[in-house]
Amino acid sequence: MTEFEYAAPTSVAEAARLLSQAKGRAKILAGGTDLLVQLREGLRHADLVVDVKRIPSMTEIRQESSGSWRIGAATPCQQIENHPGIRSSYPALADAVRIIGGWQIKNRATLGGNLCTSSPAGDSLPALIASHAEGIIAGEDGSTRRVPMESFCTGPGKNVLQDGELLEAFVLPAPPAGSSGAYLRFIPRHEMDIAVVGCGAMLAVTNGKITAARIGLGAVAPTPLFAEQASQGLLGQVPSRDIFAQAGEQSRAIARPISDMRSPADYRTHLVGVLVKRSLEIAFRRIQGESIDPLHHSWTAESSSL
Amino acid sequence: MAKKTHVTTTLNGQPTEFLCEARQSLLEVLRDTLHLTGAKEGCNNGNCGACTVLLDGTPVVSCLVLGVEVEGKSVTTVEGLADASELHPLQQCFLEDAALQCGICTPGFLVAAKALLDENPCPTEAEIRFALAGNICRCTGYDKIIRAVQHAAERLTLRDGILLAKQK
Ligand code: FES
Ligand code: FES
């Protein structure tokens, strides 16, 4: 690695000051699982590395009085996965961080890092979109702005952050009554791979009718997508396999995937239909109290209340 | 010469100080500065797990941690597993069950497996495989490693059971 200076500020204000002084030549270090690899391989350069893991507001998970949850952007995925409040309120996010990498990686890799790397295939992004999350971005002058997850990435490796800005935390609104969710990822092996397609879903059902739904898609466009029409089409419907399949069909319409070594484009589009249907079904069955582990769920020989 | 930072940490239970450049990984510091060569460099990019150490009790790949990051933290390497008189049950079971061939992956597996058994003394086979998915072995085919961990789990629970019984 080429030489750089290291700073570990203990407040967002201090970090913002360091970033603005460095005038674009500083990089933020959270878990380091992307940054340190890129610095070592010469894909990115830094004169200053700003370690944000000593900033309390960036490494804590807490519930706000409104019932929403605030997750510091530098909180390791393993802590999010282990957190009882997050698991019960945002099952899609818990599913996603569980499979984001091996144990060693999950102990370091952070949600903020996953978002700022802005890969179209980042596992946490569809789940954050499904959870209706917003990112809190701190500016140089002490100001903050909020960006919905579906608007954060602007292209592969690109996002809305300006020089001197810092992604401080995520805010996830209290989940609607009677809701659950799921994140499913298709990869050609059991574990430890990059998503061919990822799908996060959140569903709420009251008195037998769907009252809220959000579907997030990954790896099928230059940025993660919110399948807005498909999500809205579910409102007011009685949950059924057919309705979920319909949402899958509608979601396929917005997929604009590429062909690469992981998959041809048309197969990715096909998978969108399958994963949307299945993630909605898991969400619905979880609402009804079933405990489902998406990693070990068999989709053959189905018997369920649907 | 590049500027060096003074770092104070707890290494395998001992207060330890070292000097390092900001760009040096914890793995480099452990191996080249502190001469603890147990942690291995397999890939140097976070893929193989051979460099696994515990940072404040949780397994991390030391090739993706900067030496300067461990200021005030505790680090455990494979050298910290055995006590003066005997091997850790995991090490003993890896030997007895032939869970290693070339051995380059072994320190990483031992450290990750220790973290698993500290947290979950009776893991299922699926839980062991899930926890060790970040460690790659190109020799054994994994089965012997999984069996050695199961075996060590039995020994540890037995030992802890006997200790508990003695205390009563
Ligand atoms: S050497 Fe660190 S993961 Fe391979
Ligand atoms: S024993 Fe050779 S890599 Fe595992």
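Which residues are linked with A:Asp51 in a network of salt bridges? In this predicted model, the network joins A:Asp51, A:Lys53 and A:Arg108 with B:Glu69, a residue of chain B. Over all chains, the count of salt bridges comes to 27, and three individual pairs are set out below.

| Salt bridge | N to O distance | Accessibility of the first residue | Accessibility of the second residue |
|---|---|---|---|
| A:Glu281 – A:Arg241 | 2.9 Å | A:Glu281, 3%, buried | A:Arg241, 31%, partly exposed |
| B:Arg23 – B:Glu21 | 2.6 Å | B:Arg23, 26%, partly exposed | B:Glu21, 13%, buried |
| B:Lys114 – B:Asp118 | 2.7 Å | B:Lys114, 18%, buried | B:Asp118, 53%, exposed |

The pair in chain A is formed by A:Glu281 and A:Arg241, whose closest N and O atoms are 2.9 Å apart. Because A:Glu281 belongs to helix α11 (residues 265–287) of chain A and A:Arg241 to helix α10 (residues 241–252) of chain A, this salt bridge ties together parts that are 40 residues apart in sequence. The glutamate A:Glu281 is buried at a relative accessible area of 3%, whereas A:Arg241 is partly exposed at 31%.

In chain B, the salt bridge of B:Lys114 with B:Asp118 lies within a single helix, α3 (residues 106–119), where the two residues are 4 positions apart and therefore separated by about one helical turn. With a relative accessible area of 18%, B:Lys114 falls under the 20% limit and so counts as buried, while B:Asp118, with 53%, is over the 50% limit and therefore counts as exposed. The side chains of B:Arg23 and B:Glu21 also meet in a salt bridge, at 2.6 Å from N to O.

The two chain A helices that carry A:Glu281 and A:Arg241 also take part in the packing around a sheet. This open sheet of chain A has 4 strands in the order β11-β12-β13-β14, with antiparallel pairing. Strands β11 (179–186) and β14 (225–226) of chain A stand at its edges with a single partner strand each, so that one side of each has no neighbour in the sheet. Between strand β12 (residues 197–206) and strand β13 (residues 209–218) of chain A, the antiparallel pairing extends over 9 bridges, and A:Ala201 has A:Ile215 in β13(A) as its bridge partner.

Helix α10(A) lies across β12 and β13 of chain A and runs at about 40° to β13(A). Helix α11(A) likewise packs on the sheet, where it touches β11, β12 and β13 of chain A, and its direction makes about 150° with that of β11(A).

Definitions and conventions:
Residues are numbered from 1 along each chain as its sequence is written. Chains are lettered from A and ligands numbered from 1 in the order in which they are written. This is a predicted model: local features need pLDDT of at least 70, side-chain atom pairs count only at pLDDT 80 or more; totals for chains, interfaces and linings use all residues. Side-chain values use heavy atoms; hydrogens and water are left out. A salt bridge is a side-chain nitrogen of Lys or Arg within 4 Å of a carboxyl oxygen of Asp or Glu. Buried means under 20% relative accessible area, exposed over 50%, partly exposed in between (1.4 Å probe, protein chains only). Two strands pair if DSSP finds at least two bridges between them. Contact means heavy atoms within 4.5 Å. Axes are lines fitted to C-alpha atoms, for helices over the stretch in contact, and angles run from 0 to 180 degrees between N-to-C directions.
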